[in-house]
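Trainee: I have a new model open and want to go through it with you. Can we take it element by element?

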Amino acid sequence: QKINIFMSNSDLRFVSFNKYIRPEIKEYKNKGWVLNGVNNSFYKYVIDRYYGSATHSSVINSYIDLIYGKGLVEKDGDIESQEWKDFLKLFSKKDQKKVITDYEIFGEFSVQVLRKKGNRNELAQLLHIDKNNVVPSVEDELGNINSYWHSRDWAKQWQEGYQPKEYPVLGLGQPGETEIFVAKPYKVGREYFADPDYTAILPYAEFEEEVANYYLKYIKNGL
């Protein structure tokens, strides 16, 4: 399908659905990491559609609210156990909501795991870390991902303050070392990243943005 949007007599713009191609997932073996599109661009594309399409954004926000509700609670009974209270001290409700938001938007989420100094088996804190800034290392010969890389902005990875930093996956870190846990569902043909469930409608969300931009321009130009 191809949908044309007429901007003026001399300006023709269109969104071509049948030509939409997902950015390539590429292994950078010389660097040790895998990016979700050039400079991790697929995440930016997904975020732009979230903010650009009113319909898409409202649906995503509704799902986030439905999943989170009033926050995580214990399954059995109304009285919170001491273990559950201790867990909430480790993983704040603010970070829980961020994790759920990432999961709904990206189809995956990541958590920074901090352990208590001098005690390898005791957690100190669980912190949300933006999934769009976290990428996996290249798989080893057994197909395992042993670490994750974080950059504040992969498009600026060469600049000071944005250089990627490597963290071991949960369970492989040394005492006192920060680890990364990434949760993603199984997706056929996806080893490194789990695309959001709504990937197929992303071009339609972009189309809605273009229509809105067209009418806005039309109105600003005095109809």
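Trainee: What is the strand order in the open sheet of three strands?

Mentor: Keep in mind that this is a predicted model. The pairing in the sheet is antiparallel. β6 (123-128) and β10 each have a single partner strand, so they stand at the edges. The order is β6-β5-β10.

Trainee: How much does the sheet twist from one strand to the next, on average?

Mentor: Take the sheet in its order, β6-β5-β10. From one strand to the next, the twist averages 25°.

Trainee: Which residue in β10 stands opposite Val111?

Mentor: Strand β5 covers residues 109-115, and five bridges join it to β10. The two run antiparallel. Opposite Val111 in β10 stands Phe181.

Trainee: Which helix packs on this sheet?

Mentor: Look for contacts to β5 and β6. The helix that touches both has a direction at about 45° to that of β6. That helix is α4.

Trainee: Which element gives the largest share of the largest nonpolar core?

Mentor: That core has 29 residues, and Val46, Ile105, Val135, Tyr148 and Ile180 touch the most other members. Elements giving two or more residues include α1 (41-52), α2 (54-68), α4 (93-106) and β10 (179-183). The largest share is five residues, and it comes from α1.

Trainee: Which residues does Val46 touch, leaving out those up to four places away in sequence?

Mentor: Val46 is among the core members that touch the most others. Beyond its sequence neighbours, the residues touched are Ile105, Phe106, Tyr198 and Leu202.

Trainee: How many residues are in the other core, apart from the largest one?

Mentor: Its members include Phe91, Val99, Val113 and Leu126. This core lies apart from the largest one. The number of residues is seven.

Trainee: Which residue in β4 is the bridge partner of Glu27?

Mentor: Strand β3 (residues 25-28) runs antiparallel to β4, with four bridges between them. The hairpin has four residues between the strands, and Gly32 takes a positive phi near 100°. In β4, the partner of Glu27 is Val34.

Trainee: Are the faces of β4 covered or open?

Mentor: In a regular strand the side chains alternate between the two faces of the sheet. In β4, Trp33 and Leu35 are buried on one side. Val34 and Asn36 are buried on the other. Both faces are covered.

Trainee: How far apart are the end C-alpha atoms of α2?

Mentor: Start from 1.5 Å a residue. For the 15 residues of α2, the expected span is 21 Å. The model agrees, because the end C-alpha atoms are apart by 21 Å.

Trainee: What arc do the buried residues of α2 cover around its axis?

Mentor: The buried residues are His56, Ser57, Ile60, Ile64 and Tyr68. Their arc is narrow enough to put them on the same side of α2. The face turned away from that buried side carries exposed Ala54 and Leu66. The arc is only 95°.

Trainee: Is Ser53 buried or exposed?

Mentor: Ser53 sits in the loop between α1 and α2. Its contacts beyond four places in sequence are Ala205, Glu208 and Glu209. Under 20% relative accessible area is the cut-off. Ser53 has 1%, so the residue counts as buried.

Trainee: What distance separates the C-alpha atoms of Ser53 and Tyr204?

Mentor: Along the chain, Ser53 and Tyr204 are 151 residues apart. In space, the separation of their C-alpha atoms is 9.0 Å.

Conventions
Residues numbered from 1 in each chain as written. Predicted model: local features only at pLDDT ≥ 70, side-chain atom pairs only at ≥ 80, totals over all residues. Heavy atoms only, no water. Core = buried A, V, L, I, M, F, W, Y, C linked by side-chain atoms within 4.5 Å. Buried < 20%, exposed > 50% of the residue type's maximum accessible area, 1.4 Å probe, protein only. Contact = heavy atoms within 4.5 Å. Pairing = 2+ DSSP bridges. Axes fitted to C-alpha atoms, helices over the stretch in contact; angles between N-to-C directions. Expected span 1.5 Å × (residues − 1). Arc of directions from axis to C-beta.
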